[in-house]
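Please consider the following model together with its sequence. The explanation below proceeds from the sheets to the cysteines and then to the pocket.

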Amino acid sequence: MSVENEMKLEFDSRSCNEGFARVAVAAFLTQMNPTLEEVADVKTALSEAVTNAIIHGYEGKVNKITILCHIRQQTIEIEVMDQGVGIQNVEEAMEPLFTTKSDCERAGMGFSFMEAFMDSLQVQSEPGKGTCVKMTKKILRTENKYER
Amino acid sequence: MGNNFKVTGTSLTIYLPAEVDHHNAEALKNDADRLIQNQNIRCIIFDFAQTNFMDSSGIGMIMGRYKNLRFMGGNVIAIRVNERIRRILTMSGIYKVIDIYEDIPQQSKLL
């Protein structure tokens, strides 16, 4: 049973696209026959990553966000990429409650939520070049919905 | 706005939408803050009955309102929270400062 599938999504960094991105990734995920909780976990983590790209990466300016989803066996790998300002200190940015935008009432919990809801989280960033957030999650249900 | 808010005395009930993300939270924030200022609000009730999704932007929005109201001696509660939202509220630590109720507490002076 070889299960491999991929999709790529590119959209403007407008906040109204956050909901679209969540639904699109959740729809792609359904072929893995996830539980409702697994879907909610992935949606929350994705929402954090996309919101980060919009608020921090592009600082409200409209540019492109790319999402790359890859299913390998029972694991979904999601990459959220922007070509925004990048992160000066990734380690510091990933600290719970750390935020550079406390005046905008950001909770500083984006990366903490991603870590909590996914199995792994990697952040690559270069100031001035952009950021790539890569997350994976194993979907525990074994039966595949569409293919065999 | 309109249907999303109800003012009773100095209490403001905010009926949260199905999804509380960065996009929806921004709009809610502006409308709520205008009401809080103009109507001398002392208590905010976040009603999650319709809500099945919230991320950290929602936490930021609640925290912000909480800070503003606490400063004036006010109170903030959350009601009709489902399992998912309860988990988000718990994980964020915000449950330590705002109380979660099944429904509007009848015996209280909130309404």
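**Sheets, cysteines and a pocket in a predicted model**

In chain A, 5 strands form an open sheet with antiparallel pairing, in the order β1-β2-β3-β5-β4. Its edge strands are β1 (4-12) and β4 (120-126) of chain A, each of which pairs on one side only. From one strand to the next, the twist averages 10°. The model under discussion is a predicted one.

Within this sheet, strand β3 (residues 75-82) of chain A and strand β5 (residues 130-138) of chain A pair in the antiparallel sense over 8 bridges. One point of register can be read from A:D82, which stands opposite A:T131 in β5(A). Helix α1 (residues 17-29) of chain A lies across β1, β2 (64-72) and β3 of chain A, and runs at about 170° to β1(A).

Chain B also contains an open sheet of 5 strands, here with mixed pairing and the order β1-β2-β4-β6-β7. At its edges stand β1 (5-8) and β7 (99-101) of chain B; each has a single partner strand, so one side of each is left without a neighbour in the sheet. Neighbouring strands of this sheet are turned by 20° against each other on average, direction ignored. The edge strand β1(B) pairs with strand β2 (residues 11-15) of chain B in the antiparallel sense over 4 bridges, and B:T8 stands opposite B:S11 in β2(B).

The cysteines come next. A disulfide is a covalent bond between the sulfur atoms of two cysteines. How many disulfides does a search of the whole structure find? The search yields 0 over all chains. A:C69 is in no disulfide, and the nearest cysteine sulfur, that of A:C132, is 12 Å away. A:C69 counts as buried because its relative accessibility is 0%. For A:C104, the closest cysteine sulfur is in A:C16, at 18 Å, which is too far for a bond. Is A:C104 buried or partly exposed? With a relative accessible area of 34%, A:C104 is partly exposed.

The last feature is a pocket. Rolling a probe the size of a water molecule over the atoms shows where empty space is left. The largest pocket holds about 610 Å³ of space. It is lined by 36 residues, of which A:H56, A:I87, A:A93, A:T100 and A:F111 are the closest to its centre. Which elements of chain A each supply at least two residues of this lining? They are α2 (36-57), β3, α3 (90-93), α4 (110-117) and β5 of chain A. The most is given by α2(A), with 8 residues.

How values were computed. Residues are numbered from 1 along each chain as its sequence is written. Chains are lettered from A and ligands numbered from 1 in the order in which they are written. This is a predicted model: local features need pLDDT of at least 70, side-chain atom pairs count only at pLDDT 80 or more; totals for chains, interfaces and linings use all residues. Side-chain values use heavy atoms; hydrogens and water are left out. Two strands pair if DSSP finds at least two bridges between them. Axes are lines fitted to C-alpha atoms, for helices over the stretch in contact, and angles run from 0 to 180 degrees between N-to-C directions. Contact means heavy atoms within 4.5 Å. A disulfide is a pair of cysteine sulfur atoms within 2.5 Å. Buried means under 20% relative accessible area, exposed over 50%, partly exposed in between (1.4 Å probe, protein chains only). On a 1 Å grid over the protein atoms alone, a cavity is a set of points where a 1.4 Å probe fits but cannot get out, and a pocket is an open set with protein on both sides within 12 Å along at least five of seven lines; lining residues have an atom within 4 Å of a point. Grid points are joined across faces, edges and corners, and a volume is the space filled by probe spheres set on the points.
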